[in-house]
Amino acid sequence: MAESSPTIRARPTSPHLQVWRWHLTLWASILHRAAGMVLYLGALLLALWALELARGAAAFAAYTRLFTHWPGRALLMLITLSAFYHLANGIRHFFWDMGKGFAVRTANLTAAICFGFAILATLMFWWRLGSFGAYGHG
């Protein structure tokens, strides 16, 4: 009969962030998840916007006034950046699902492209909003 040992055997553990070398694709993965969380916040703010619209003009005006000052605009810009990044990285993941883009050099390049696209698209989007006079005085 086999005897059991009273000590617990060491089991392999999953790698943790302290073990990994920080590199571009690691950042891309972490920021993809963070962007998703920011987009949940954006969806909540959009739902609240619709509720305030339903409550009437005064409630809607008070809610939208929150986004005319710099903290509100910064939050909207962060949501915009997250949306563009999540879109670009989602396309990157789509190609991965087809089995393409796994080479280290390609993965690093596409991660950098996603970062660059998100930043450039966000700047262009907010610049264009400003050119329409969307900022007003706040």
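By helices I mean DSSP runs of H or I of at least four residues, numbered from the N terminus. With that settled, good morning, colleagues. The structure before you is a predicted model, and I shall speak about two pockets and one surface patch.

Let me start with the second largest pocket. Helices α1, α3 and α4 each contribute at least two residues to its lining. Its volume is about 150 Å³. The residues that line this pocket are Leu31, Ala34, Ala35, Val38, Leu78, Leu81, Ser82, Tyr85, Phe115, Ala118 and Ile119. What is the chemical character of that lining? By class, 10 of the residues are nonpolar and one is polar, while none is charged.

I turn now to the largest pocket, which holds about 310 Å³ of space. There are 15 lining residues, and those closest to the centre of the pocket are Trp49, Thr64, Phe67, Leu76 and Trp126. Two or more lining residues come from each of α1, spanning 24–55, α2, spanning 57–65, α3, and α4, spanning 104–131. Which helix supplies the largest share of this lining? That is α1, with four residues. Sorted by class, the lining of the largest pocket comprises 11 nonpolar residues, three polar residues and one charged residue.

Finally, the surface. Leu87, Ile91, Phe94, Phe95, Met98 and Phe117 together form a nonpolar patch, and their combined accessible area is about 580 Å². The main contributor to the patch is α3, which provides four residues.

Two members of the patch deserve a closer look. Leu87 lies in helix α3, which covers residues 70–97. Is Leu87 buried, partly exposed or exposed? Its relative accessible area is 46%, and because partly exposed residues fall between the limits of 20% and 50%, Leu87 is partly exposed. Ile91 also belongs to helix α3. Its relative accessibility is 44%, so Ile91 is likewise counted as partly exposed. A patch residue must have over 30% relative accessible area, and the values of 46% for Leu87 and 44% for Ile91 can be read against that cut-off.

One further point concerns Leu87. In sequence, Leu87 and His32 are separated by 55 residues, yet their C-alpha atoms are 9.4 Å apart in space.

To close, I would ask you to keep two items in view on the model: the largest pocket, with α1 giving the largest share of its lining, and the nonpolar surface patch, to which α3 gives the most. Thank you for your attention.

Definitions and conventions
Residues numbered from 1 in each chain as written. Predicted model: local features only at pLDDT ≥ 70, side-chain atom pairs only at ≥ 80, totals over all residues. Heavy atoms only, no water. Buried < 20%, exposed > 50% of the residue type's maximum accessible area, 1.4 Å probe, protein only. Patch = residues over 30% accessible without salt bridge, like charges linked within 9 Å, V, L, I, M, F, W, Y side chains within 5 Å. Areas by Shrake-Rupley, 256 points an atom, 1.4 Å probe, with all protein chains shown as cover. Salt bridge = Lys/Arg side-chain N within 4 Å of Asp/Glu carboxyl O. 1 Å grid on protein atoms, 1.4 Å probe; cavity = no way out; pocket = protein on both sides within 12 Å on 5 of 7 lines; lining within 4 Å. Points joined across faces, edges and corners; volume = space filled by probe spheres on them. Nonpolar A, V, L, I, M, F, W, Y, C, P; charged D, E, K, R; others polar.
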